[in-house]
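Subject: Structure handover

Hello,

Here is the structure we spoke about. Please open it alongside this message, then read on for what turned up.

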Amino acid sequence: MQNIFNFSAGPAMLPQEVMQQAQEELINWQGLGTSVMEVSHRGKPFIEVAEQAESDLRELLQIPSNYTVLFMHGGGRGQFSAVPLNISTSFDLSQHLVSGQWSIGAEQEAQKFCRTSIVATSKKIDGKMYVPTQDEWSIAEESGYFHYCTNETVDGVEINWVPKSASGNVPIVADMSSNILSKPINIEDFGIIYAGAQKNIGPSGLSVVIVRNDLIGKARKDTPAIFNYQLQANSGSMYNTPPTFSWYLAGLVFKWLKAQGGLEAMAQLNLRKSHILYEQIDATGFYKNNVHNDYRSKMNVTFQLRDESLNDLFLEQAESNGLVALKGHRAVGGMRASIYNAMPLAGAQALADFMQEFERKNG
Ligand code: PMP
């Protein structure tokens, strides 16, 4: 089989070594004669997997002991609802920074549960997408919590600074679905971090929530039990049957990350991969990227062809060269190369080489 580099935005490619291990263990896991999917989540073998995954994640992200890690159902959007249900009343105000498709989605969902306001929205300056910094926001009233998305998967916009809460103790809630584990972060900057798994963690069906303990136990009464942080924390994320296979696979990914040198090593690799692509995009004007330099994502590299009539040919030829899933999200068009942790340097290089060759033939 030809070597395939899969640039899917999510579900996204997983590390090859992890997939190989999962394949080897699939039918006969730990000599039990069954797969990990077929054993009780309450039995010792699975509990060990679950605990090890949490402890490896804590080590990778250096999560302090006053934060609880939850492995929940419902992906990123599940948390769009769970966050307001757990930490706001219907009278509270949630404030939102809107930097693209996913942060507006979170704000719209929060409207069902509390009052919301938008402190600022990304805008184009000289044709480049830019996110207003905190000194440019308008804040009329103190809020119950502040929400933003650290990496906009669709738009290719990544925010590298962390907002400071206006009053000093407004919890900062971050949707890190598409850049968690891509670089070191300071957990203490945040009240809640959440991420759907299917980009940088493992298969879909799982969301990881990292929540500061003082924010647990405030859920409104009508919060669905499986979304209640307190119930999930009290039961080790096993109030109901968790997505066991996704949890197991996430655990293998965490081990793989540790073996690669952890998040410092990942940050360097991700910088190199994205640099290779942006350099190619900027080279001549045949390709363009419409995100301000400070906000260019290291995970989702979006680009357009100057001559959009070449889009189909580009995608077709990329695919026949083993470079798949490069079509941009339907909301923004163009191309998008998602290069999460599992994408090797060789994948980014192969795409840059192809882009150069395509330009030579069609420029
Ligand atoms: N937030 C971000 C940043 C995302 O990229 C996505 C999915 N692409 C979501 C939220 C929604 O995740 P899910 O489909 O798991 O609900």
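At what angle do the axes of helix H7 and helix H9 cross? They cross at roughly 0° and come within 9 Å. H7 covers residues 262–282, and H9 covers residues 345–362. The two helices are therefore roughly parallel, as the angle is under 35 degrees. Please keep in mind throughout that this is a predicted model.

The H7–H9 contact
From H7 come Leu269, Arg272, Lys273, Ile276, Leu277 and Gln280. From H9 come Leu345, Ala348, Gln349, Leu351, Ala352, Met355 and Gln356. By class, the contact holds eight nonpolar, three polar and two charged residues.

Leu277 deserves a second look. Beyond residues up to four places away in sequence, Leu277 touches Val301, Ala337, Ala348, Leu351 and Ala352.

The core
Leu277 also appears in the largest nonpolar core, which has 98 residues. Which members touch the most others? They are Val208, Ala250, Val253 and Leu277. Helix H6 (residues 244–259) is the top contributor to this core, giving eight residues. Both domains take part: domain 1 (17–259) and domain 2 (262–362) each supply at least three residues.

The two domains
The protein divides into domain 1 (17–259) and domain 2 (262–362). Their centres, taken over C-alpha atoms, are 27 Å apart. How many residues of each domain are in contact with the other? The count is 26 in domain 1 and 23 in domain 2. On the domain 1 side, strand S6 (128–130), strand S9 (157–158) and H6 each supply at least two residues. S6 gives the most, with three. That side of domain 1 comprises eleven nonpolar, nine polar and six charged residues.

Backbone points to check
Three spots in the backbone are worth a visit.

- Gly10 and Pro11 are joined by a cis peptide bond, with omega about -5°. Pro11 sits in the loop between strand S1 (5–6) and helix H1 (16–25).
- Gln30 is not a glycine, yet its phi is positive, near 55°. Gln30 belongs to the loop between H1 and helix H2 (44–61). Gln30 counts as partly exposed, because it has 13 C-beta neighbours inside 10 Å.
- Leu181 is another residue other than glycine with a positive phi, here near 70°. Its loop runs between strand S10 (172–175) and strand S11 (192–196). Is Leu181 buried or exposed? Leu181 is buried, because 24 other C-beta atoms lie within 10 Å.

Three more residues
I also looked at the surroundings of Ala219, Pro163 and Ala120. The contacts listed for each leave aside neighbours within four places in sequence.

Ala219 is in the loop between strand S12 (207–212) and helix H5 (229–234). Ala219 has 20 C-beta neighbours inside 10 Å, so it counts as buried. Its contacts are Leu85, Asn86, Asn228, Tyr229 and Gln230. Ala219 and Phe190 are 29 residues apart in sequence, and their C-alpha atoms are 18 Å apart in space.

Pro163 is in the loop between S9 and S10. Pro163 is buried, because 20 other C-beta atoms lie within 10 Å. What is Pro163 in contact with? The partners are Leu97, Gln134, Phe146, Tyr148 and Ile172. From Pro163 to Gly347 there are 184 residues in sequence and 33 Å in space, C-alpha to C-alpha.

Ala120 lies in strand S4 (residues 115–121). Why does Ala120 count as partly exposed? Ala120 has 19 other C-beta atoms within 10 Å, and a residue is buried if there are 20 or more. Ala120 is in contact with Leu97, Pro132, Glu136 and Trp137. Leu97 is thus a contact of Ala120 and also of Pro163. Ala120 and Lys288 are 168 residues apart in sequence and 26 Å apart in space, C-alpha to C-alpha.

Where to start
I would begin with H7 and H9, whose axes come within 9 Å. Then follow Leu277 into the largest nonpolar core. After that, turn to the side of domain 1 that touches domain 2, where S6 gives the most residues. Finish with the cis peptide bond between Gly10 and Pro11.

Best wishes

Note on methods
Residues are numbered from 1 along each chain as its sequence is written. This is a predicted model: local features need pLDDT of at least 70, side-chain atom pairs count only at pLDDT 80 or more; totals for chains, interfaces and linings use all residues. Axes are lines fitted to C-alpha atoms, for helices over the stretch in contact, and angles run from 0 to 180 degrees between N-to-C directions. Helices (H or I, at least four residues) and strands (E, at least two) are DSSP runs, numbered from the N terminus. Angles under 35 degrees count as roughly parallel, over 145 as roughly antiparallel, 65 to 115 as roughly perpendicular and the rest as oblique. Two residues are in contact if their C-beta atoms, placed from the backbone, lie within 7 Å. Ala, Val, Leu, Ile, Met, Phe, Trp, Tyr, Cys and Pro count as nonpolar, Asp, Glu, Lys and Arg as charged, and the others, Gly among them, as polar. A nonpolar core is a set of buried Ala, Val, Leu, Ile, Met, Phe, Trp, Tyr and Cys residues joined through C-beta atoms within 7 Å. A residue is buried if 20 or more other C-beta atoms lie within 10 Å of its own, exposed if 12 or fewer, and partly exposed in between; C-beta atoms are placed from the backbone. Domain bounds come from an automatic or database domain assignment.
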